[in-house]
Amino acid sequence: MPRGLTVAAEGALLALVVAAPWAYGGAPDVARYALAAALLLALAAAFAARAATSEGLPPLAGAAAALPVLALAQAASGTSAAPVWSVEAAILLAAMLAVAAFWSDRARHRSAAQRAAAAVLIACAAQAGFGAVQWSRAPDRIYGQASALMTTPFGSYVNHNHFAGLVGMGVVLAAGLAIGHARRAGGFTPKAVAFAGLSLALAAAHLASRSRGGLIALAGGLAALAALLAASSRRAVPAHRPLLLSAALVVLLLGFGLAVVPAATRAHLGTVLRGPADGSGAYRVDVAAATAGLAAARPITGWGLGAFADAFPAYKRSHGDVRTTHAESDLLEFLAEAGLVGLGLALWLAWAAGRGLRDRLRHGRDPVRKALAAGAAAAAVALLIHSLVDFNLRLPANALAFATLLGVAAAPREHAPRAGRLAPALAAGMLLAFAALAGWRAAGARALDHAERQPRGDRRLAAADRVVRRHPYLAEAWRLRGAAHLLRGWRSPSGA
């Protein structure tokens, strides 16, 4: 039975990696929290199986638990500018980081690691194909629909930068696997050629999205891949070898991609070194400056994970007609929300993941498995680089793929956890509780969507009243009800 639970949990996680991007990257609240609930339920089953067999906790479990605990502590202590949103952040962080913890043990087995990589590559390839077809037919629409929110759509993503964030990870991962298969065989094999072709195709789709931040991130991810592959070699490698391999990867993949995209796309990508020359760039710079001020005001504990949108307006000095919900930089937003305490916890997680990666690269024997670890780590680096100038990690589909690859990269060859039932049982219980909260939050988001679609008047007011009664934590529901009362020209008897 425990083995069956683990296999079922793995299957659910793999299916969710493939499915998550199709709901606009998981950006709508209904999709975001439904995905979190499904992940948490699967992970609760996996940890319950570990408790039943006294396996203890996976390698990354301790470091992965730290950030959700911080979010809950910020909410409970009153240091968060928006305690409810910090609890929501804890739910999402628990879901994604528990995924990384799960794979940090499960991916010690080569077949499991290959299944995880395959799921990520399938998701990337499907998005690349869909994006290319949709872009050629209706570049301003997704699933045949357009809205004011779809400013630069690509694939099933409202923002082309987030499409590039996902597919860029696939480019680097496929390139790593191609090199690994070629190394093991001593030359190009059908598998090596297939992965190389996939990497080239994904690179073309990635560059077709016109994401300039994605272009920089992809080059950085390929450079990281070259460095990690050099580190994984069992022979002494000349100092210049990683640089040459990095240059070759960048020239080959980016050169091919730029050659096949339209001239207008090449011209747009060519402006990457000009700085903030357009309205979008100016907005990003202004938001970054204001976010830096926000972070400096509370440098130690931050304003609360998930609370950026509520804390930011007091420091905003321009673009007042735009409601800024993200800092356009995951790093700056994280510093503002979590402070130096959160940064220290994130570095702990990176150190724990790096320890498993070092063990795999230094002592592993299978070139393909080592290249898979290197490719997964470099793909994660590519998304982190992109997240310096965007908020890719706030997109659930991208965060899920990132967490999966982080766990694969961090899986050591051997792991000897402290045997016991209590720790994994407690973890399973917490994950189950988070799953219930995520399900409730998804139900609230669905009810709010239904209320917003009602015609103005009594029907919208009645629907908003129901949402407020059942989900009083939803600030948007209170705003909707207030607006409905205003349009009716009267206030509720309670004055709410």
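**A walk through the helices, starting from a loop**

At 29% relative accessibility, Arg210 counts as partly exposed, because the partly exposed class runs between 20% and 50%. Keep in mind as you look around that this is a predicted model. You'll find Arg210 in the loop between α7 (190-208) and α8 (212-231). Its backbone is worth a look: Arg210 has a positive phi of about 70° although it is not a glycine. For background, most residues other than glycine have a negative phi.

Arg210 has a counterpart of sorts in another loop. Ser54 isn't a glycine either, and it takes a positive phi of about 55°. This serine sits in the loop between α2 and α3. Is Ser54 buried, partly exposed or exposed? With a relative accessibility of 23%, Ser54 counts as partly exposed, since anything under 20% would have been called buried.

The loop of Ser54 links α2 and α3, so let's take those two helices in turn, because each has its own packing story. Helix α2 covers residues 29-52, and it packs with helix α16, residues 422-452. Their axes lie 7 Å apart, at an angle of about 165°. That makes the pair roughly antiparallel, because the angle is over 145 degrees. As for handedness, α2 passes α16 in a left-handed crossing. What is the contact of α2 with α16 made of? Its residues divide into 23 nonpolar, five charged and one polar.

On the other side of the Ser54 loop comes α3, residues 61-77. This helix has 17 residues, and from its first C-alpha to its last it reaches 24 Å, close to the 24 Å expected at 1.5 Å a residue. Its buried residues include Ala61, Ala64, Leu67, Pro68, Leu70, Ala71, Gln74 and Ala75. An α-helix has 3.6 residues a turn, so residues three or four places apart point the same way. The buried residues of α3 pack against α4 (83-106) and α13 (330-363). Just after α3, Gly78 takes a positive phi of about 85°.

Next, step into α4, where Ala94 is found. Ala94 has 7% relative accessibility and so counts as buried. What does Ala94 touch, not counting residues up to four places away in sequence? The list is Leu40, Pro68, Leu431 and Phe434. Pro68 is one of the buried residues of α3, while Leu40 falls within α2 and both Leu431 and Phe434 fall within α16. You can also gauge the spacing to Ala436: it is 342 residues from Ala94 along the chain, yet the two C-alpha atoms are separated by 13 Å.

Two more residues round off the tour. Ala399 is found in helix α15 (residues 396-410), and at 9% relative accessibility it counts as buried. Leaving aside neighbours within four places in sequence, Ala399 is in contact with Met96, Asn392 and Leu393. From Ala399 to Ser136 is 263 residues in sequence and 28 Å in space, C-alpha to C-alpha.

His162 lies in helix α6 (residues 160-185). At 5% relative accessibility, His162 counts as buried too. Which residues is His162 in contact with, leaving aside its neighbours within four places in sequence? The answer is Tyr157, Asp390, Phe391, Asn392, Leu395 and Asn398. Notice that Asn392 turns up here and also among the contacts of Ala399.

Key
Residues are numbered from 1 along each chain as its sequence is written. This is a predicted model: local features need pLDDT of at least 70, side-chain atom pairs count only at pLDDT 80 or more; totals for chains, interfaces and linings use all residues. Side-chain values use heavy atoms; hydrogens and water are left out. Axes are lines fitted to C-alpha atoms, for helices over the stretch in contact, and angles run from 0 to 180 degrees between N-to-C directions. Helices (H or I, at least four residues) and strands (E, at least two) are DSSP runs, numbered from the N terminus. Angles under 35 degrees count as roughly parallel, over 145 as roughly antiparallel, 65 to 115 as roughly perpendicular and the rest as oblique. A crossing is left-handed if the near helix is turned anticlockwise from the far one by less than a right angle, and right-handed if clockwise. Ala, Val, Leu, Ile, Met, Phe, Trp, Tyr, Cys and Pro count as nonpolar, Asp, Glu, Lys and Arg as charged, and the others, Gly among them, as polar. The expected span of a helix is 1.5 Å times one less than its number of residues. Buried means under 20% relative accessible area, exposed over 50%, partly exposed in between (1.4 Å probe, protein chains only). Contact means heavy atoms within 4.5 Å.
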